Amino acid sequence: MPRQADLFPAKTAHPRLPGEGYAGTPGTGPQGQTCKTCDHLTCHEHHTGGRARRWYKCSLVKRRFSAVTDIRLDAPACHQWAPSTDQQP
Ligand code: SF4
């Protein structure tokens, strides 16, 4: 007997991602790849009072100092995806 979870396809994690930080539409790149594994991912870090805050941007998008251009590491890859040479974002 099939399990209930087998009867329904897995939900897409991010059917529509907000923000203007993605170089292309998320999900139009190679299957199984994410922004985390892309060479265009850049990490920005800020230290305040002993605490670190990190946020991520796509280097192909014009840099703006706004959360609107932040991207998620687990966003599905876009068509501009390129294999990362550094696996530790
Ligand atoms: S997959 Fe790469 S090129 Fe596309 S938005 Fe993410 S970091 Fe940018």
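Which residues does Y22 touch, not counting residues up to four places away in sequence? Select Y22 and have a look: the contacts are L17, C58, I71, A75 and C78. Before going further, keep in mind that this is a predicted model.

**Stop 1: around Y22.** Y22 sits in the loop between α1 (4-7) and β1. Color by burial and Y22 comes out buried, because 23 other C-beta atoms lie within 10 Å and 20 are enough to qualify. Now add A77 to the selection: 55 residues separate Y22 and A77 in sequence, yet their C-alpha atoms are 9.2 Å apart in space.

**Stop 2: the core.** Next, select Y22, C35, C38, L41, C58, I71, A75, A77, C78 and W81 together; these ten residues make up the largest nonpolar core. Nonpolar side chains tend to be buried together in soluble globular proteins. Over the whole chain of 89 residues, 17% count as buried.

Click on C58, one of the core residues. Leaving out residues up to four places away in sequence, C58 touches G21, Y22, A23, H40, L41 and I71.

**Stop 3: the hairpin.** Switch to cartoon. You should find one helix and two strands, in the order α-β-β from the N terminus. Pick out β1 (residues 41-48) and β2: the two run antiparallel and are joined by eight bridges. For one detail of the pairing, select H47, which stands opposite A52 in β2. The strands form a hairpin with two residues between them. In that turn, check G49, whose phi is positive at about 55 degrees.

**Stop 4: the ligand.** Bring up the ligand and the 15 residues around it; C35, C38, C58, C78 and Q80 come nearest. What is the shell made of, in terms of nonpolar, polar and charged residues? Eleven are nonpolar, four are polar and none is charged.

**Stop 5: Q80.** Stay with Q80, found in the segment after β2 (51-58). Is Q80 buried or partly exposed? Q80 counts as partly exposed, because it has 17 C-beta neighbours inside 10 Å and 20 would be needed for buried. Apart from residues up to four places away in sequence, Q80 touches A23, G24, H40 and L60. Draw a C-alpha to C-alpha distance from Q80 to A23: it reads 6.8 Å, with their positions 57 residues apart in sequence.

**Last view.** Zoom out and turn on the contacts. Taking those in the chain between residues at least 6 apart in sequence, 70% join residues at least 24 apart.

Note on methods. Residues are numbered from 1 along each chain as its sequence is written. This is a predicted model: local features need pLDDT of at least 70, side-chain atom pairs count only at pLDDT 80 or more; totals for chains, interfaces and linings use all residues. A nonpolar core is a set of buried Ala, Val, Leu, Ile, Met, Phe, Trp, Tyr and Cys residues joined through C-beta atoms within 7 Å. A residue is buried if 20 or more other C-beta atoms lie within 10 Å of its own, exposed if 12 or fewer, and partly exposed in between; C-beta atoms are placed from the backbone. Two residues are in contact if their C-beta atoms, placed from the backbone, lie within 7 Å. A residue is near a molecule or strand if its C-beta atom, placed from the backbone, lies within 6 Å of it. Ala, Val, Leu, Ile, Met, Phe, Trp, Tyr, Cys and Pro count as nonpolar, Asp, Glu, Lys and Arg as charged, and the others, Gly among them, as polar. Helices (H or I, at least four residues) and strands (E, at least two) are DSSP runs, numbered from the N terminus. Two strands pair if DSSP finds at least two bridges between them.
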